[in-house]
Amino acid sequence: MKNYLAFFLLLTVTTASAHGPLPARLSQPSDLLRVGLTDSDTTAGGTARLCEQISFTRGLRYGESEANVLDVATSGETKADTPRPVLLFVTGDTFTGDRGAPDLSREIQDQVMCFAARNGMIGVRVSYRLAPAASWPAGAADVAAALSWVHGNIDLFNGDAREIVAVGYGAGAFHVASLLAHPELQTDRADVAAVVLVSGIYRVGKDASDSEKAYLGADASQYDKRSVFPGILNVDVPIVLAWAADDHANLVAQGETLKKTLCGAGHCPRTAMIRSRDGIASAFGLDGSGDSLAEPTLLLVHQLEARELP
C-alpha cells in the first residue's frame, strides 16, 4: 500500500485566498482534540482497517461560517523531524450537498484521509458553505480561506505548506478550479504545488441542473463569466485531470473539453479514466480497483520530487 500511495508524496497547486479576517493561529497542537476512529466508524471494516493508528483533529474553524471547518488526519508513525506533504480534499457530489447519507459520505472521505496519513502525508478535509444559502463564488472563497489556514497552521501537525496538493472532487473540482482561474479571489499565503480535478463541471450551459442554478444563479448570461475559462489557461502548476467510466456523458465532455483547451494552451494535464465514481475512495483505488489516479499522479510526483524547494 505504501508503494501505491508513494505516488502522492508531493502533489500541489498555486492558489490563493480572499475571505476576510482569518482566525488566529492555533497556539499549540496539544490544545486540540485528537479523535481516533472506533469500530462504530466502520463500513464493512474498511474505515477501521485503513485508519488504525491514525489520529483526527476535527472541526477546526478557518472562517466565520459554521460550515467553515476542516479536519486533519495524521499518523503516529510519521517522524516529527520531517515535514510532510499535505493532501487537501474538497469534495461534494453537488453544489447543494452530497446525494448519499452525510455520515456515509464523511466515512468514505475519512478513508481517503487515512490513506494519505498512512503513507506519510497529512490529510486535510475541507467543509464549505453550500448552495442555495451560499452562491458563487462562496465555494472558491472558502477553499482560499482554508488554504490560508493551512499555510498558517499546518506546521503544528508537521505538515509542509510548500507541498500542498489540492484535490477537488465533484462540485469541489469546480471550486478548486474556480479559485485558480479567477485572480480576484486570490491573495497571498494560499498557494499549492499541484492540483487534482476529478469528475468536475467547469463551464455550465443553459441546460444547468437545479443544483448548478442554486450555486451559479438563474441568469444564464452570467455562466460564462463564472466558469473556469479562460482563467484556467493561465495556471502554470501541474494538473491531474480525471473522470470515471460511469460518469454522465456531460461530465465526460466537461473533462475532455478542459483537457483539449489546456493542451491547446501548451499546458496539457495528465489524465486518468477511473473505473467508478461511487465515492472519492473509489477514485483513489481504495475499493481494490486497478483503474485509479495512481499512475498519472506517480509521474507527477517524480516531477515534483526533482525540483529544489527553498
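Q254 counts as buried, because its relative accessibility is just 11%, and buried here means under 20%. You'll find Q254 in helix α7, and its side chain gets to within reach of the backbone nitrogen of Y202, at 2.7 Å. Keep in mind that this is a predicted model. Below is a tour of the chain, from that glutamine to the disulfides, the pockets and a helix called α5.

**Q254 and its surroundings**
- Which residues does Q254 touch, if you skip those up to four places away in sequence? They are G200, I201, Y202 and R203.
- Y202 turns up twice for Q254: it is on the list of touching residues, and its backbone nitrogen is the atom that the Q254 side chain reaches.
- Helix α7, the home of Q254, covers residues 249-264 and comes back below as part of a pocket lining.

**The chain as a whole**
- The chain has 310 residues, and 56% of them are buried.
- If you count secondary structure elements, you get nine helices and nine strands.
- Take the contacts between residues at least 6 apart in sequence: 80% of these join residues at least 24 apart.

**Two disulfides**
- A quick reminder: a disulfide is a covalent bond between the sulfur atoms of two cysteines.
- How many disulfides does a search of the whole structure find? It finds two.
- Number the bonded cysteines along the chain and the pattern reads 1-2, 3-4.
- One disulfide is formed by C51 and C114, with sulfur atoms 2.0 Å apart.
- C51 sits in the loop between α2 (46-50) and β2 (54-61), while C114 is in helix α3 (residues 102-118), so this pair ties together parts that are 63 residues apart in sequence.
- The C51 and C114 link is right-handed because the torsion about its S-S bond is about 105 degrees.
- Are C51 and C114 buried or exposed? Both are buried.
- The other disulfide joins C263 to C268, with an S to S distance of 1.7 Å.
- The link of C263 and C268 is right-handed too, with 120 degrees about the S-S bond.
- C263 has 26% relative accessibility, so it counts as partly exposed.

**The largest pocket**
- This pocket has a volume of about 510 Å³.
- Its lining is made of 23 residues, and the ones nearest the centre are I201, S209, E212, N250 and L251.
- Two elements give two or more residues to that lining: α6 (210-216) and α7 (249-264).
- Which of the elements gives the most to the lining of the largest pocket? That is α7, with three residues.
- Sorted by class, the lining has six nonpolar, nine polar and eight charged residues.
- I201 is a name to remember: besides being one of the residues nearest the centre of this pocket, I201 is touched by Q254.

**The second largest pocket**
- Here the volume is about 420 Å³.
- The lining counts 19 residues, with D98, R106, Q109, R125 and S127 nearest the centre.
- β3 (69-75), α3 and β5 (122-126) are the elements that give two or more residues to this lining.
- Helix α3 gives the most, with five residues; α3 is also where C114 of the disulfide sits.
- By class, the residues split into six nonpolar, eight polar and five charged.

**Helix α5 and F174**
- Why can you call helix α5 (residues 171-181) largely enclosed by the rest of the structure? Because 11 of its 11 residues are buried.
- The buried residues of α5 pack against β4 (84-90), α4 (138-153), β6 (159-169), β7 (194-198) and α6.
- One residue of α5 worth a look is F174, which counts as buried because its relative accessibility is 1%.
- Leaving out neighbours within four places in sequence, F174 is in contact with F95, W136, I201, Y202, Y215, L216, R226, S227 and V228.
- From F174 to S227 is 53 residues in sequence, and their C-alpha atoms are 8.4 Å apart in space.
- I201 and Y202 are among the contacts of F174, and they are also among the residues that Q254 touches.

Methods. Residues are numbered from 1 along each chain as its sequence is written. This is a predicted model: local features need pLDDT of at least 70, side-chain atom pairs count only at pLDDT 80 or more; totals for chains, interfaces and linings use all residues. Side-chain values use heavy atoms; hydrogens and water are left out. A disulfide is a pair of cysteine sulfur atoms within 2.5 Å. Helices (H or I, at least four residues) and strands (E, at least two) are DSSP runs, numbered from the N terminus. Buried means under 20% relative accessible area, exposed over 50%, partly exposed in between (1.4 Å probe, protein chains only). On a 1 Å grid over the protein atoms alone, a cavity is a set of points where a 1.4 Å probe fits but cannot get out, and a pocket is an open set with protein on both sides within 12 Å along at least five of seven lines; lining residues have an atom within 4 Å of a point. Grid points are joined across faces, edges and corners, and a volume is the space filled by probe spheres set on the points. Ala, Val, Leu, Ile, Met, Phe, Trp, Tyr, Cys and Pro count as nonpolar, Asp, Glu, Lys and Arg as charged, and the others, Gly among them, as polar. A polar contact is a pair of N or O atoms within 3.5 Å; within protein, one must be able to donate a hydrogen and the other to accept it, and residues adjacent in sequence count only if both atoms are side-chain atoms. Contact means heavy atoms within 4.5 Å.
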